[in-house]
Amino acid sequence: MSERPRPLVIAANWKMHKTAEDVGPFFQAFDREAPAPAGGIEVAFFPPFPLLSVVVGAVAHRADASTGGQDCHWEDEGPWTGEVSAPMIAATGAERVLIGHSERRLHFGETDERCRRKLRAALAAGLSPMLCVGETLEERDAGRARSVVLSQLSKAIDDLARAEYRRLSIAYEPVWAIGTGRTASPEDAQEMHEAIRGALASLATPELAAEIAVLYGGSVKPGNAADLLARPDVDGALVGGASLAPADFASILRAAHERPG
Ligand code: PEP
């Protein structure tokens, strides 16, 4: 069996949960339950901004772990009260940042153009952006899921340099599956991931597209992770609710380690 050209990534999106005093107990429990690091499988934590440095320290001993911000501004600095820039995130020692999470698109007016600018700011700061794309239920019911997702994708990431595509990952998160307990079927996820990989091949090259991890997100839990991860183009999971409990998140990471092939 040839080696996968891209990593499997299991990522925790803590959203607006946890304070500094929760971090130590979380990682004590997670370290007890989680499989030991293995090549080709990465685990990423996206805590709220005030916890970035704490989590960077807490995962420093794990060779497979990285930390990231949940958003960044498109400018490096300036009169933007309440905002956090990509260089500020990088200065904490974090390596990643989420761009365009659907909760930001829905509640904070995040447009495709903003995602495009934020993604470039993240790359310029040396961060690895994880671009979130996904359709609403209305868009899916109207048969527009694929065109919506591919449009979000192409608007954010056309014309990147080769080395920049190599730092990119994508999270396909159907909006109707986030925090709702409803999950896309493994077949639906695979179909969209395949379409995303095809679009990446056109935007970049087929070789680069094969190196970009495309994660699935939307009510991933210990009970459904293995089925989703078994699909050939599902390269990991972005996990919200189930990432708050260390045993559940460790169990999802274990499903990645136990994925056949
Ligand atoms: C998310 O916030 O990215 C997410 C997928 O949440 P949940 O797992 O809770 O659906």
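**Exercise 1. A salt bridge and its network**

R197 and D233 form a salt bridge, with their closest N and O atoms 2.9 Å apart. Task: place R197 and D233 in the chain of this predicted model, then classify each as buried or exposed.

Solution.
Step 1. R197 belongs to helix α9, while D233 sits in the loop between α11 and β8. The pair is 36 residues apart and links distant parts of the chain.
Step 2. The cut-off for buried is under 20% relative accessible area. R197 has 10%, so R197 is buried. D233 has 12%, so D233 is buried.
Step 3. Look for shared partners. Salt bridges join R197 and D233 with R4, R6 and D235 into one network.

**Exercise 2. Two more charged pairs**

Task: find which parts of the chain are tied together by the pair E187 and R231, and by the pair R116 and D158.

Solution.
Step 1. Recall the principle. Side chains of opposite charge can pair when their charged atoms come close.
Step 2. Check the distance for E187 and R231. Their side chains meet in a salt bridge at 3.5 Å, N to O. The rule asks for within 4 Å.
Step 3. Locate the partners. E187 is in helix α9 (residues 186-203) and R231 is in the loop between α11 and β8 (236-239), so the salt bridge ties together parts 44 residues apart in sequence.
Step 4. Classify both ends. E187 has 44% relative accessibility and counts as partly exposed. R231, at 24%, is partly exposed.
Step 5. Turn to R116 and D158. This salt bridge spans 2.7 Å, N to O. R116 lies in helix α5 (residues 112-124) and D158 in the loop between α7 (145-157) and α8 (162-165), so here the tied parts are 42 residues apart in sequence.
Step 6. Classify D158. Its relative accessibility is 28%, which counts as partly exposed.
Step 7. Put the pairs in context. By the same 4 Å rule, the count comes to 23 salt bridges.

**Exercise 3. A helix pair**

Task: describe how α11 and α12 pack, starting from the angle and the distance between their axes.

Solution.
Step 1. Read the geometry. Helix α11 covers residues 222-229 and helix α12 covers residues 246-257. They pack at an angle of about 20°, and their axes are 9 Å apart.
Step 2. Name the arrangement. Angles under 35 degrees count as roughly parallel. The two helices α11 and α12 are therefore roughly parallel to each other.
Step 3. Give the handedness. The crossing of α11 past α12 is right-handed.
Step 4. List the contact residues. From α11 come P222, A225, A226 and L229. From α12 come D248, S251, I252, A255 and A256.
Step 5. Sort them by class. The contact of α11 with α12 has 7 nonpolar, 1 polar and 1 charged residues.

**Exercise 4. Neighbours in two strands**

Task: determine which residues P129 touches and which residues S169 contacts, setting aside those up to four places away in sequence.

Solution.
Step 1. Place P129. It lies in strand β5 (residues 128-133). P129 has 0% relative accessibility and counts as buried.
Step 2. List what P129 touches: V97, I99, L119, A122, L123, R167, L168 and S169.
Step 3. Place S169. It lies in strand β6 (residues 169-172). At 6% relative accessible area, S169 is buried.
Step 4. Read the contacts of S169. They are R96, P129, M130, L131, I212 and A213.
Step 5. Add a spacing. P129 and D71 are 58 residues apart along the chain, and their C-alpha atoms are separated by 9.5 Å.

**Exercise 5. Two positive phi angles**

Task: for D159 and S219, state where each lies and whether each is buried or exposed.

Solution.
Step 1. Start from the general rule. Most residues other than glycine have a negative phi.
Step 2. Take D159. It is not a glycine, yet its phi is positive, about 55°. D159 is in the loop between α7 and α8. Its relative accessibility is 55%, and over 50% counts as exposed.
Step 3. Take S219. It has a positive phi of about 55° without being a glycine. S219 lies in the loop between β7 (214-217) and α11. With a relative accessible area of 15%, S219 is buried.

How values were computed. Residues numbered from 1 in each chain as written. Predicted model: local features only at pLDDT ≥ 70, side-chain atom pairs only at ≥ 80, totals over all residues. Heavy atoms only, no water. Axes fitted to C-alpha atoms, helices over the stretch in contact; angles between N-to-C directions. Helix = DSSP H or I, 4+ residues; strand = E, 2+ residues; numbered from the N terminus. Parallel < 35°, antiparallel > 145°, perpendicular 65-115°, else oblique. Left-handed = near helix turned anticlockwise from the far one by under 90°. Contact = heavy atoms within 4.5 Å. Nonpolar A, V, L, I, M, F, W, Y, C, P; charged D, E, K, R; others polar. Buried < 20%, exposed > 50% of the residue type's maximum accessible area, 1.4 Å probe, protein only.
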